[in-house]
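Biologist: Please take a close look at one long helix for a first-year student, and then follow the chain onward from there. I would like the reasoning spelled out step by step.

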Amino acid sequence: MNNDTTKKLGEGLSNRHITMISIGGVIGAGLFVGSSSAIAKAGPAVILAYLITSIMVFLVMRMLGEMAVLEPDTGSFSTYARKAIGPWAGFTIGWLYWWFWVLAIPVEAIAGAEILHSWFPNVSVSISGVANLYNNAGFMPHGMGGILSAILITAFSFFGVEIVSIAAAESSNPKQKIRRATNLVLYRIILFFVVSMFIAVSLVDWHSPDLQKYGTFQYVLMSLNVPGTKLIIDTVVFIAVASCMNAAIYTSSRMLFRLGTRSEAPQAVTKINYAGVPAIAVFSSTFIGLVCCVINYVFPGKVFGLLLSSTGSIALLVYLVIAFSQLRLRHKLEAAGAEIPFKMWLFPWLTWFVIIIILSVLAYMFFSPAYSYETTLSLGVTSLVVVCGLFVTRKRKATRAVAMNLD
């Protein structure tokens, strides 16, 4: 794997910075605001949805870690897709990832604004302990379909752990940091997601309308009669969404910078300031996010809702591309007799296991009336970007051919 980066970013990120960026990218509106929707879809079986997604994401991170340790790169999986599948794949996944995180900026900003401007009355409900796991229509009230529906929401919530492979490229010892972060990711996501959901659905009635009204964690604390619940939750969630918005700006700007270094985005975004930061890429991504905030304010629930729907399956598509990239690159490396210091376990069986899970969820999304609109829109945007990628790739080949003929 050869690095084609033409401009060097700074190397000032420490282990603490990388850890906080990756955690900040995950723990945002998806966990605090979206978890109640996942509970509504699956009931107490939401625990299984979070557990399945945790395992899937951990395996994806192991695949990504295998590639990233060999070649730390700001473009991360976009660069690996380019090498494994083709330039059009790197172009497509890079722009789709940028699009996702640019739209995450206004999502977190809007969630933070709603927290600041919302006031909830105090309520008091009784608790039945872990009996809530099997009372109220049972543990799996909506069957396997409910779990698959919840996985769609949880996948959105988990999206962001892969930022470690992007952030590590701006550290002094990226290979070591990627190893460490990849090994720790499972414990973090189980602690933050699976354990917290187990506690939540154990303590409260999962189909209470107040769960959707107040959100998972506020409703749990209100059920426990914790004083100052509103202030506690508002403070925690506001900090979380602000942190996630910061991670979104960081991630989108770095991916845009990497696209620029490959001449797949305007060259202006590759400009680096004295601190080693791609300032124009940061400004451009932030500006697009700000425009989306304004659009949501002027046309509430319309245009921005349409844009947000276009990201419905991007997280799963990114994970799918990571799996296919690792599958192809691993075969190439083994055929060449190359040493692989950080390997995916039980290759290729676990890689194919993840691919089958992702394809199953995407198929369920496509054929489910509740998600077919978002899936179709996401696939439409993906197809458009693929066409652009093929056009750019073909044009570049033609230009190179002309140059060679002239020589």
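Modeller: A helix here is a DSSP run of H or I that holds at least four residues, and the helices are numbered from the N terminus. The model is a predicted one, and the helix to begin with is α12, which covers residues 229-261. Its length can be checked with simple arithmetic: the expected span is 1.5 Å times one less than the number of residues, so the 33 residues of α12 should span 48 Å, and the end C-alpha atoms are indeed 48 Å apart.

Beside this helix lies α11, residues 216-223, which packs against α12 with the two axes 10 Å apart and at an angle of about 155 degrees. Because angles over 145 degrees count as roughly antiparallel, α11 is roughly antiparallel to α12, and the crossing of the two is right-handed.

After α12 comes serine 263, which sits in the loop between α12 and α13. The phi of serine 263 is near 60 degrees, a positive value in a residue other than glycine.

Following the chain onward leads to α13, residues 279-298, where leucine 290 has its place. Leu290 also belongs to a nonpolar patch on the surface, whose other members include Phe283, Phe287, Val291 and Val294. Together, the residues of the patch have about 860 Å² of accessible area. As a general point, an α-helix has 3.6 residues a turn, so residues three or four places apart point the same way.

Further along, the loop between α15 (314-335) and α16 (349-367) holds proline 348, and the peptide bond that joins phenylalanine 347 to proline 348 is cis, with omega near 5 degrees.

Helix α15 also has a partner elsewhere in the chain. Side chains of opposite charge can pair when their charged atoms come close. Glutamate 66 and arginine 330 meet in such a salt bridge, at 2.8 Å from N to O, and this pair links distant parts of the chain, since glutamate 66 is in α4 and arginine 330 is in α15, 264 residues apart. With a cut-off of 4 Å between nitrogen and oxygen, the count comes to 4 salt bridges.

Helix α4, residues 46-70, also comes within 9 Å of α7, residues 143-158, axis to axis, and the two cross at roughly 50 degrees; they are therefore oblique to each other, and their crossing is right-handed.

Methods:
Residues numbered from 1 in each chain as written. Predicted model: local features only at pLDDT ≥ 70, side-chain atom pairs only at ≥ 80, totals over all residues. Heavy atoms only, no water. Patch = residues over 30% accessible without salt bridge, like charges linked within 9 Å, V, L, I, M, F, W, Y side chains within 5 Å. Areas by Shrake-Rupley, 256 points an atom, 1.4 Å probe, with all protein chains shown as cover. Salt bridge = Lys/Arg side-chain N within 4 Å of Asp/Glu carboxyl O. Axes fitted to C-alpha atoms, helices over the stretch in contact; angles between N-to-C directions. Parallel < 35°, antiparallel > 145°, perpendicular 65-115°, else oblique. Left-handed = near helix turned anticlockwise from the far one by under 90°.
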